[in-house]
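Me: Could you take a close look at the side-chain contacts in this one for me? I'd like to go through them pair by pair, and then see what sits around the ligand.

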Amino acid sequence: MASSAPDPRLAFRIPSLPPSFYYIPSFISPEEEASLLSKIPPNRWTNLTHRRLQAVASTLTKSNTLLAAPLPSYLLDPIVTRFTTLGIFAHTPHKAPNHVLVNEYKPGEGIMAHEDGPAYAPVVATVSLGGAVMLESAVNPAPIHIAPLYTTHRILCEPRSLLVTLAPAYINTMHCVPAVTHDVDLRRATVANWDLLGEAWRYAAADDVDGSGGSGGTNVRTTRVSLTYRDVLKVSNAASRVLGLGGRR
Ligand SMILES: O=C(O)CCC(=O)C(=O)O
């Protein structure tokens, strides 16, 4: 991309949030979503209390090291190809994601508030499949452990959307998916990315006739799968040589 071209991500920045959150609705098509869901291996889930998950290609070691192994092709194309076009990982050490967490949330499930931490480059890109969920992000104007003065923002993640979090938000925020069966009070004033939603009408209240929100809409949770792409900083090629896994580089 020519350096004089406008940054294609700017149109998708969530303007009411501090830098840098980006929301892209319809990042993948319904056909691509169905194909991705059908390719997630059914026998690799780890069951947790409030969700189940797969770490691809593997879980990090205790020293936050990734044992080099290529991502499976279904996680690369079309998603990583589009990341490259948008330059999402252009400034991370490996210039591409090398790790994906596949999380599945049934209605009533979620993930507790956490920060993503120093194992990764400060870029997170999450594609949502299946159902919509509300992600809550607690933004702190100062580094999180110094002054815990959080302001909570709600980001609605529609199916097939992409949410990207870059530094400084990566460093200054904690995020969670509340473990609820319904996300309620949905309207422009309470959902930070309302004006970027692809299908806001689905979530608006029936009495929201003038865009002011009415009584607030509801998202009835259904099963949602998220694909969270990151670039792990420390990568070891030693294990891949021994196991014949074939490293990325
Ligand atoms: O499912 C999501 O959107 C959030 C996942 C997440 O926070 C994580 O994997 O650390």
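Reply: Let's start with two rings: Phe-83 is buried, and Phe-89 is buried too. Keep in mind that this is a predicted model, so every value here is computed from that model.

How many aromatic pairs does the structure hold? There are 3 of them. To describe such a pair, you want the distance of the ring centres and the angle of the planes. Take Phe-27 and Phe-83: their ring centres sit 5.8 Å apart with the planes at 25°, so this pair is stacked. Where do the two come from? Phe-27 is in the loop between β1 (21-24) and α1 (30-39), while Phe-83 belongs to helix α3 (residues 79-86), so the pair ties together parts that are 56 residues apart in sequence. Both Phe-27 and Phe-83 are buried. Phe-83 also pairs with Phe-89, with centres 5.6 Å apart and planes at 40°, so that pair is tilted. The cut-off matters here: planes under 30 degrees apart count as stacked, and the 40° of Phe-83 and Phe-89 is why they don't get that label. Put together, Phe-27, Phe-83 and Phe-89 join Tyr-229 in one aromatic cluster.

One more ring is worth a look, this time with a charge over it. Arg-230 lies over the face of Tyr-120, 4.6 Å from the ring centre.

On to the charged pairs. The structure has 9 salt bridges. One of them links the side chains of Asp-183 and Arg-221, at 2.8 Å from N to O. Asp-183 is part of strand β12 (residues 182-186) and Arg-221 is in the loop between β13 (217-220) and β14 (224-230), so this bridge ties together parts that are 38 residues apart in sequence. Asp-183 and Arg-221 are both buried.

Asp-185 has a salt bridge as well, to Arg-187, at 2.6 Å from N to O. What about burial for this pair? Asp-185 comes out partly exposed, at 29% relative accessibility, and Arg-187 is partly exposed too, with a relative accessible area of 22%. Elsewhere, salt bridges with shared partners join Arg-52, Glu-104 and Lys-106 into one network.

Within that network, Glu-104 and Lys-106 meet through their side chains at 2.8 Å, N to O. Is each partner buried or partly exposed, and why? Glu-104 has a relative accessible area of 8%, which is under 20%, so Glu-104 is buried. Lys-106 has 38% relative accessibility, so Lys-106 counts as partly exposed.

Now the ligand. Which residues surround it? There are 13, and the closest are Tyr-105, His-114, Arg-224, Ser-226 and Arg-230. So you meet Arg-230 again, the residue that lies over the face of Tyr-120. Some of the ligand's oxygen atoms have polar side-chain atoms to look at. A side-chain N or O atom of Ser-226 is 2.7 Å from a ligand oxygen. For His-114, the distance between a side-chain N or O atom and a ligand oxygen is 2.8 Å. Asn-103 also takes part, with a polar side-chain atom 3.2 Å from an oxygen atom of the ligand. How much of the ligand does the protein cover? On its own, the ligand has 290 Å² of accessible area, and the protein covers 95% of it.

Conventions. Residues are numbered from 1 along each chain as its sequence is written. This is a predicted model: local features need pLDDT of at least 70, side-chain atom pairs count only at pLDDT 80 or more; totals for chains, interfaces and linings use all residues. Side-chain values use heavy atoms; hydrogens and water are left out. A salt bridge is a side-chain nitrogen of Lys or Arg within 4 Å of a carboxyl oxygen of Asp or Glu. Buried means under 20% relative accessible area, exposed over 50%, partly exposed in between (1.4 Å probe, protein chains only). Helices (H or I, at least four residues) and strands (E, at least two) are DSSP runs, numbered from the N terminus. Rings of Phe, Tyr and Trp (its six-membered ring) pair if their centres lie within 6.5 Å; planes under 30 degrees apart count as stacked, over 60 as edge-to-face and the rest as tilted. A charge sits over a ring if NZ of Lys or CZ of Arg is within 6 Å of the ring centre and within 35 degrees of the ring normal. A residue is near a molecule or strand if one of its heavy atoms lies within 4 Å of it. A polar contact is a pair of N or O atoms within 3.5 Å; within protein, one must be able to donate a hydrogen and the other to accept it, and residues adjacent in sequence count only if both atoms are side-chain atoms. Accessible areas come from the Shrake-Rupley method with a 1.4 Å probe; for residues, only the protein chains shown count as cover.
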